[in-house]
Amino acid sequence: RTVFVNGSYLPEEAATVSIFDRGFLMADGVYEVTSVLGAKLIDWPGHCARLARSLKELDMAAPCSDEDLLAIHRELIVANGLTEGMVYLQVTRGNPGDRDFAFPDPSVTKSTLVMFTMVKTLESGNAAARKGHRVISIPDIRWGRRDIKTVQLLYPSMGKMMAKKAGVDDAWLTEDGFVTEGTSNNTWIVKGNRIVTRQLGTDILHGITRAAVLRCAADLQLEIEERPFTIEEAQAADEAFYTSASAFVMPVIEVDGAAIGKGVPGPIAARLREIYLDEMRKTAV
Ligand code: PMP
């Protein structure tokens, strides 16, 4: 692979970051993952805007202009011949040359920007979407600023391992009796013509796919409720699904061993996946 690190395009073997980088020592960094379909970026404006917000919330300077970021994404897609997959982007507070809790002076220590491509076929996603995923619930013990897309992914990784150990596909996180989100996605339930997903706040990531799917749901004239829901409500729903940039709309057919609806992917999730993908292909850049 050709990857990008701090202004240079390099073979991945030659790309390095300092051991003093604050991303490595302190998880002091943010990231974005943008999907690629037909060699084009899906919902780039959404990801670009969220990156700016994450950086601002952590008092980090943007590594370069939005136009430059888009140009690097494009260059990596071309250099790697990527038609389907993702572009990963990470910005950290850089390398102050030592380990210190205090933030370094940003005029002295520049942020680190790393980007690389990942190959993932849409076909495999479609197969999984036809089958649906099974999830377990686990307590949400992450920090309180989940709206910032930081690289602190230890607990989500542990959640995926707990799911794997339980023989299911993913875990839904719960706090104070309500589902916050999935380990790496936003969660939804459907009852009749009503679609429910948690409202935005500091307790969940503001999913770019979530925002787009809300627009699709409005187009379908579904009744939208942005509020928390419990595992019991999910188990009694007609359908459930989750959304993320790389999984799009993924039906969930079982939560904590209880089948949802008929225990197979539902028509509303399937329809939302279809119109989301149609819309995104049209606006890809
Ligand atoms: N919540 C969390 C915790 C995530 O990691 C992700 C994936 N980035 C999402 C939600 C979904 O966000 P998006 O639709 O922007 O990929």
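**Entry 1: the contact between the domains**

I looked up the contact between the two domains of this predicted model and found 22 residues of domain 1 in contact with 13 residues of domain 2. I then asked which elements of domain 1 supply the side that touches domain 2. I noted β3 (29-37), α2 (44-57) and β5 (85-92), each with at least two residues on that side. The largest share comes from β3, which gives eight residues. I also recorded the character of this side of domain 1: eight of its residues are nonpolar, nine are polar and five are charged.

For the bounds, I consulted the domain assignment, which places domain 1 at 2-120 and domain 2 at 125-283. I noted a distance of 26 Å between the C-alpha centres of the two domains.

**Entry 2: the sheet**

I next traced an open sheet of six strands and wrote down its order as β2-β1-β6-β5-β3-β4, with antiparallel pairing. Which strands stand at the edges? I found β2 (8-11) and β4 (40-41) there; each has a single partner strand, so one side of each is left without a neighbour in the sheet. I kept a general point beside this entry: strands of a sheet pair through backbone hydrogen bonds, either parallel or antiparallel.

**Entry 3: pairings within the sheet**

I began with β1 and β2, which pair in the antiparallel sense over four bridges. These two strands form a hairpin with two residues between them. In the turn I noted Asn6, which has a positive phi of about 45°.

I followed Val5 in both directions. In β2 its bridge partner is Ser8, and in β6 its bridge partner is Val114. The pairing of β1 (residues 2-5) with β6 (residues 112-119) is antiparallel and rests on two bridges.

How many bridges join β5 to β6? I recorded eight, with the two strands running antiparallel. For examples of residues along this pairing, I noted that Leu89 stands opposite Met115 in β6, and that Thr92 has Thr112 of β6 as its bridge partner.

**Entry 4: helix α6**

I turned to helix α6 (residues 208-219), which has twelve residues. From its first C-alpha to its last, α6 reaches 17 Å, close to the 16 Å expected at 1.5 Å a residue.

Which residues of α6 are buried? I listed Ile208, Thr209, Arg210, Ala212, Val213, Leu214, Cys216 and Ala217. I set a general point next to this list: an α-helix has 3.6 residues a turn, so residues three or four places apart point the same way. Just after α6, I noted that Gln221 takes a positive phi of about 60°.

**Entry 5: the shell around the ligand**

Finally, I looked up the surroundings of the ligand and found 13 residues around it. The closest are Leu205, Gly207, Ile208, Thr209 and Ala245. Ile208 and Thr209 appear here again, having already been listed among the buried residues of α6.

Which element gives the most to this shell? I found that α6 does, with three residues. β13 (239-244) also supplies at least two residues of the shell. By character, I recorded four nonpolar, seven polar and two charged residues in the shell around the ligand.

Technical notes: Residues numbered from 1 in each chain as written. Predicted model: local features only at pLDDT ≥ 70, side-chain atom pairs only at ≥ 80, totals over all residues. Domains from an automatic or database assignment. Contact = placed C-beta atoms within 7 Å. Nonpolar A, V, L, I, M, F, W, Y, C, P; charged D, E, K, R; others polar. Pairing = 2+ DSSP bridges. Expected span 1.5 Å × (residues − 1). Buried ≥ 20, exposed ≤ 12 C-beta atoms within 10 Å, placed from the backbone. Near = placed C-beta within 6 Å.
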